[in-house]
2 protein chains.
Amino acid sequence: MATLKDVAAKANVDVSTVSRALNNTSYVHPETKARIIAAAKDLGYRPNTATRSLRRGRRKIIGYVVPRTHVALFSEILRGVDSKARELGYSVMICITDDNPQKEEACLNQLREGNVDGIILTPTGKNTRLIRDIHACGIAIVQIIRRQDHLLSSIVADNESCGYESVKYLYNLGSRTIGLINGSNLLAPYAERYIGYRRALEEFHLQEIVAASEKPTNSFSFGYECATRLLKNYPSLDAIMAAVDIQGLGVIRAVKDFGKKIPDDIKVMSMTGHTIGKMLETTMTSMEIPASEMGSAAVDMLIAEIEAPSEDKPRACHKLFRTSLTERESTVCSHASGNVHSD
Amino acid sequence: MATLKDVAAKANVDVSTVSRALNNTSYVHPETKARIIAAAKDLGYRPNTATRSLRRGRRKIIGYVVPRTHVALFSEILRGVDSKARELGYSVMICITDDNPQKEEACLNQLREGNVDGIILTPTGKNTRLIRDIHACGIAIVQIIRRQDHLLSSIVADNESCGYESVKYLYNLGSRTIGLINGSNLLAPYAERYIGYRRALEEFHLQEIVAASEKPTNSFSFGYECATRLLKNYPSLDAIMAAVDIQGLGVIRAVKDFGKKIPDDIKVMSMTGHTIGKMLETTMTSMEIPASEMGSAAVDMLIAEIEAPSEDKPRACHKLFRTSLTERESTVCSHASGNVHSD
DNA sequence: CTGAAAGCGCTTACAG
DNA sequence: CTGAAAGCGCTTACAG
């Protein structure tokens, strides 16, 4: 790789002049500049951002720490993060934690040592201390999906109202025995959805029926098993709300195997809709979450913090995104499948 | 952030000694060493990998350039890449191209300027020249899934045999009119699958029925529309092979909407199985591809090239992974749904 | 308008 | 066993 020095030699000027010419950082005689640009082009010169950042103090890299990427929600967020970051001249370093706090710790340390300018993360619920430490070192942080620490910025969905509205929606369709398949109450989004669910139950005088676990719940099999259990234990069950899409797939399959009809016997919906719901044999009603927008908003928020002069860093900033109901066949009798052609 | 200098001051030694002590790079008096380690710990010293690499010449970063991540195949590869890279002390910079050559070009330049040590990519089919240039600059390259350039290393699936075996499998089940929904022949995997499909057709004396396009095909709607068309045009159609899972979902839905039964009237299978096939209302037979293993193999291959002494860089290295048939309900009449509980 | 110099944080021959 | 010095590739006051 050609370096600044090579260009300088070729153009017969000092490296500092080359730097100025190429960065438009101060006036350089047009003729000199032309010579420099020609030389740079000739040699295929490409600035070395790594070392540039050494002087400038910024790496133009952000880290994205995510539990998993094969769940549509997170891969959509990643898509938003990636494209917004590139648009603003930043690169994205990715770290997958599998929701394992030890891996999360390793990821966070790796990012810190790699000198990223900021980190977007969906935290596991642990490592709060480490995350604050890193923030205290001057690395910007934005939490996404899960707000674990109110002192750090965050971008989350309106989970409580999502839980409430889901019950209300099913109630209005006539459901009276509504089961909730949820995740660990130690993770904010699940806890919040549960609160919304509870609030609606009280308002409508319904019975609480919850299947949840502190072990991993973000899976087809968890949805399948919980749904099967609820169907057995509550003969009057007429609706199931799943916290996430992938559980919803398990629920649909379980209802089928149990010999009941969707939506006539059992209505099914997901509270974190993304991508998959409209591509099924029985399409699934869900509260859709604007994942990609949330990802790009996180980048905006993060970079605002990164680029703020260090005297007046913004305080923690919290942004809420609304989820929106999309009705599909799992709750309403199949009319024309209008949604089927898009993806 | 504390720097080496701070630690040196605190421990009352030269920075070079601190460097040696912390890196175990030459003998340091145990007492001195202890003092240094204590000081480093006290100050919460963390090495700055960015600048370290300036001296060492290695960044310990690899780039991963991928068309999209919401397709299970690619997110599984990413999972393999991420975990293997971290295991070996490397970080992963991700770039999503959307299969758009211009975006790919921007990604590649960004990675080159960011001084990554190597790049794993699923190329769009263009930018061959740029990719070679980057390789010529000393950046290692491994192609994954699509082998666009035989001069560069690659990790791909045995697509031709996958196409052949799929037809043979369906033929043995009794199918005689087998449609193929494919992608652009300009992309190697699709072209290869087509060749395998053709070879089998000739062997079994079957009619060729193909739906493909050079526009994006990796979607539910493409699968849906092609399947609908084939069902209309070929009344004797009794099987459909989709190149990828997501097309397969569209096919399943189209067959249902068309009023035919799976698998009795129409057998359906996907040639790039991953994750989703077993989570459906009608589970889908597919040729499963070991995506995560391929991702981690790509990292091994890449890092071998990166860390080889520059005198004897390995020549291009090509590795083929076998796909394996997994039978599910879309081709065989539903017996016990044994597969349903895992994910 | 442009050169010479210092320095970002680290590593590594070179002395001693 | 450890210090002093040079240097990785770049940027940026400081002179002139």
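In this predicted model, domain 2 of chain A meets domain 3 of chain A through 12 residues on the domain 2 side and 14 on the domain 3 side. Helix α5 (residues 72-87) of chain A gives the largest share of the domain 2 side, 3 residues. By class, that side holds 6 nonpolar, 2 polar and 4 charged residues. The C-alpha centres of the two domains lie 29 Å apart. Both domains are built from two segments: domain 2 covers 59-157 + 291-322, and domain 3 covers 159-288 + 325-341. Domain 1 of chain A spans 4-47.

Now turn to the partner chain. Here 51 residues of chain A are in contact with 51 residues of chain B. On the chain A side, α5(A) again appears, with the largest share at 7 residues. Elements giving two or more residues also include α4, β2 (91-96), α6 (101-113), α10 (220-233) and α11 (245-258) of chain A. The chain A side divides into 20 nonpolar, 18 polar and 13 charged residues.

Strands join across the two chains as well. β2(A) pairs with strand β2 (residues 91-96) of chain B in the antiparallel sense, over 3 bridges. Within this pairing, Val92(A) has Ile94(B) as its bridge partner.

The DNA comes last. DNA strand D is surrounded by 26 residues. The closest are Thr3(A), Leu4(A), Ser16(A) and Ser19(A), together with His29(B). Both chains supply helices here: α2 (15-23) and α4 (49-56) of chain A, and α2 (15-23) and α4 (49-56) of chain B, each provide at least two residues of the surface near the strand. This surface has 12 polar, 8 nonpolar and 6 charged residues.

Technical notes. Residues are numbered from 1 along each chain as its sequence is written. Chains are lettered from A and ligands numbered from 1 in the order in which they are written. This is a predicted model: local features need pLDDT of at least 70, side-chain atom pairs count only at pLDDT 80 or more; totals for chains, interfaces and linings use all residues. A residue is near a molecule or strand if its C-beta atom, placed from the backbone, lies within 6 Å of it. Helices (H or I, at least four residues) and strands (E, at least two) are DSSP runs, numbered from the N terminus. Ala, Val, Leu, Ile, Met, Phe, Trp, Tyr, Cys and Pro count as nonpolar, Asp, Glu, Lys and Arg as charged, and the others, Gly among them, as polar. Domain bounds come from an automatic or database domain assignment. Two residues are in contact if their C-beta atoms, placed from the backbone, lie within 7 Å. Two strands pair if DSSP finds at least two bridges between them.
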